[in-house]
Amino acid sequence: MRRVSTTVRGSSRPHLRLAKGPWVSPHRLPPGGRQVLGADLAVIDHAACAGEEPELFFNGDPGAVALAKRICARCLVREACLARAIDNGERFGVFGGLTADERQDLKDRRAAA
């Protein structure tokens, strides 16, 4: 059997490169924004949107937005979802019954008050 060697350029310790994992720029946020410390992820279990298609809440079509808002209106954890979206700086989608623009307006009104 022929021995095959692999070399990782730029590192004298290629085994450490695998242990460290891929490098991620600190200037790029992961999908969903920053994690909110102490956030209760159990709200997902009680959310009205748990059985719905996620694409519905990220579709820019006015009909899809209206349907997503109707689903949010009957949700038991709507306020917690909205607070988490505002704290995380979600830039897309319907969370807590508000679109990204509506959440930004709410955030601006709170800051002005």
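Which residue forms a salt bridge with Glu 52? Arg 74 does, with the closest N and O atoms 3.9 Å apart. A salt bridge here is a side-chain nitrogen of Lys or Arg within 4 Å of a carboxyl oxygen of Asp or Glu. The pair ties together distant parts of the chain: Glu 52 sits in the loop between helix H2 (43-46) and helix H3 (62-73), while Arg 74 lies in the loop between H3 and H4, 22 residues apart. Helices (H or I, at least four residues) and strands (E, at least two) are DSSP runs, numbered from the N terminus.

Before going on, a word about what you're looking at. This is a predicted model, in which local features need pLDDT of at least 70 and side-chain atom pairs count only at pLDDT 80 or more, while totals for chains, interfaces and linings use all residues. Residues are numbered from 1 along each chain as its sequence is written, and side-chain values use heavy atoms, with hydrogens and water left out.

Back to that pair. Glu 52 counts as partly exposed because its relative accessibility is 31%, and Arg 74 counts as exposed because its value is 53%. The cut-offs run like this: buried is under 20% relative accessible area, exposed is over 50%, and partly exposed is in between (1.4 Å probe, protein chains only).

A search of the whole structure turns up 2 salt bridges. Besides the pair above, Lys 69 forms one with Glu 102, and here the closest N and O atoms are 2.7 Å apart. This pair also links distant parts of the chain, with Lys 69 in helix H3 and Glu 102 in helix H5, 33 residues apart. Lys 69 is partly exposed because its relative accessibility is 26%, and Glu 102 is partly exposed because its value is 28%.

Now step back to the whole chain. It has 5 helices and 0 strands, so to speak an α-α-α-α-α read along the sequence. Of its 113 residues, 26% count as buried. Contact means heavy atoms within 4.5 Å, and residues 24 or more positions apart account for 46% of the contacts with a separation of 6 or more.

What about the inside? In soluble globular proteins, nonpolar side chains tend to be buried together. In this chain the largest nonpolar core has 12 residues, among them Leu 56, Phe 57, Ile 71, Cys 72 and Val 94. Such a core is a set of buried Ala, Val, Leu, Ile, Met, Phe, Trp, Tyr and Cys residues joined through side-chain atoms within 4.5 Å. Cys 72 is a handy one to click on: leaving aside residues up to four places away in sequence, it touches Phe 57, Arg 78, Val 94, Gly 96 and Gly 97.

Finally, follow the chain to helix H5 (residues 100-112). Its 13 residues reach 18 Å from first C-alpha to last, close to the 18 Å expected at 1.5 Å a residue, the expected span being 1.5 Å times one less than the number of residues. Ala 100, Arg 103 and Leu 106 are its buried residues. Seen down the axis, they fall within an arc of 120 degrees, so they line one face of the helix; the arc is that of the directions from the helix axis to the C-beta atoms. The face turned away from this buried side carries the exposed residues Asp 101, Arg 109 and Ala 112.

The buried residues of H5 pack against helix H4 (78-88). In H4, Leu 82, Ala 85, Ile 86 and Asn 88 are buried, and the buried residues of H4 pack against H5. Just after H4 comes Gly 89, whose phi is positive, near 70 degrees.
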